[in-house]
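Here are my notes for you, written so you can follow along with the model open. Take them one at a time and find each spot as you go.

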Amino acid sequence: MFRKEKINKAFKMSIPIAFGYISLGFMGGAMIQKSGFNLIEILLMSCLIFSGSAVFIAANMLSAGIYPQISIYLIATIIISNLRNIMYSSSLVNNTKDLKGKKRVLFAQFVTDETFAINKICYEKDKQWDGDCALYLNLFACLYGLIGNGLGGLFGQLIDIPLDLGFFMMSSMFIILTVLQIEKKLDFLMLLISIIVSFAILSVYQGGLDLIIIALIVTSIGYFIDKRLERKGKLDSKHRKENICD
């Protein structure tokens, strides 16, 4: 598949991300601009710290002023709140073995919840989806974030957009990505388990590690269920062979 075809394929798959990133990016850019950042600084932050939550965290923490101690807390908070991206990158290591050098670094830099979910779906359903397609998808996501943050930095003070609208759009995007991944009864079961575990954890603890704790618990449960079904399948196959022999 030629590069142009890969770019077109990645662009089509990135369209759902665009709606969420540009709208939330606009609000994040407007908020961080009010904290004292100029347009260049907003764009650099959007690209170098590719995390929508980081922009909102920075805007809230820096609203009281920019001090050394606040900067340390800000860096620690952003790192902790985005540790889950390490798991995402690790999960896609085997799929992106064809990416080398700078391409691999770029891919890892722009891994997010949304790019991870879409890449996983594409790797499972599209045999032609490869490392280049995955990289282009991530780059498109970064571009959408830059556009949203840039527009927010320029026009955020002129247009008042309620934050609830942005959160609604982001939640809707996650729901769409989740529905696209449900194909079997096991997928639906894991969705229910994820919802139950999320409510249980968030009712007790809400902090920088909550998403990581939820992800570890749900993935562990999924691993054991998958292993149990695999053993059951092997036993059933063994019994069928024994019956045939008898």
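The points below start with the whole chain, move to one bent helix, and then visit four residues.

1. First, keep in mind that this is a predicted model. The protein chain has eleven helices and zero strands, so if you go looking for a β-sheet you'll come back empty-handed, since helices and strands here are runs assigned by DSSP. Of the 246 residues in the chain, 37% are buried.

2. Next, the surface and the contacts. The chain's accessible surface is about 15200 Å², and carbon and sulfur atoms own 67% of that. Now take the contacts between residues with a separation of 6 or more: 76% of them join residues 24 or more positions apart.

3. What does the record say? The UniProt annotation, from an unreviewed entry, marks "transmembrane region" at residues 13-32, 39-59, 65-83, 135-155, 161-180 and 187-205. Two of these are worth checking against the model. Residues 135-155 are 100% helix, with end C-alpha atoms 30 Å apart. Residues 187-205 come out at 95% helix and 0% strand, and their end C-alpha atoms lie 26 Å apart.

4. Have a look at helix 1, which runs over residues 3-34. A straight helix of its 32 residues would reach 46 Å, yet the end C-alpha atoms here are only 40 Å apart. Where does helix 1 bend? At Ile 15, by about 45 degrees, with the proline Pro 16 following within four residues. After the helix comes Gly 36, which has a positive phi near 115 degrees.

5. Now Asn 149, in helix 8. Buried or exposed? Asn 149 counts as buried because its relative accessibility is 5%, below the 20% cut-off. Along the sequence Asn 149 and Gly 25 are 124 residues apart, but their C-alpha atoms are 4.5 Å apart in space. A polar atom of the Asn 149 side chain also lies 2.8 Å from the backbone oxygen of Gly 25. Beyond its sequence neighbours, Asn 149 contacts several residues, including Phe 26, Gly 28, Gly 29 and Ser 46.

6. Helix 8 (residues 131-155) also holds Asp 132. With 16% relative accessibility, Asp 132 is buried too. Which side chain does the side chain of Asp 132 make a polar contact with? The partner is Lys 103, at 3.2 Å. Leaving out neighbours within four places in sequence, Asp 132 also touches Lys 6, Asp 98 and Leu 99.

7. Thr 115 sits in helix 7, residues 113-125. Its relative accessible area is 1%, so Thr 115 is buried. The side chain of Thr 115 reaches back to the backbone nitrogen of Thr 112 at 2.7 Å. Among its contacts outside the nearby sequence are Ile 17, Leu 137, Asn 138 and Ala 141.

8. Last stop: Val 111, in the loop between helix 6 (102-109) and helix 7. Don't assume a loop residue has to be out in the open, because Val 111 is buried, with a relative accessible area of 3%. The C-alpha atom of Val 111 is 6.5 Å from that of Asn 85, although the two are 26 residues apart along the chain. Val 111 is also in contact with Tyr 88, Ser 89, Phe 116 and Asn 138. You met Asn 138 in the previous point, as a contact of Thr 115.

How values were computed. Residues numbered from 1 in each chain as written. Predicted model: local features only at pLDDT ≥ 70, side-chain atom pairs only at ≥ 80, totals over all residues. Heavy atoms only, no water. Helix = DSSP H or I, 4+ residues; strand = E, 2+ residues; numbered from the N terminus. Expected span 1.5 Å × (residues − 1). Bend = angle between axes of the 7 residues up to and from the residue. UniProt positions renumbered as here; feature names shortened; annotations may be inferred. Buried < 20%, exposed > 50% of the residue type's maximum accessible area, 1.4 Å probe, protein only. Contact = heavy atoms within 4.5 Å. Areas by Shrake-Rupley, 256 points an atom, 1.4 Å probe, with all protein chains shown as cover. Polar contact = N/O pair within 3.5 Å; in protein donor to acceptor, adjacent residues only side chain to side chain.
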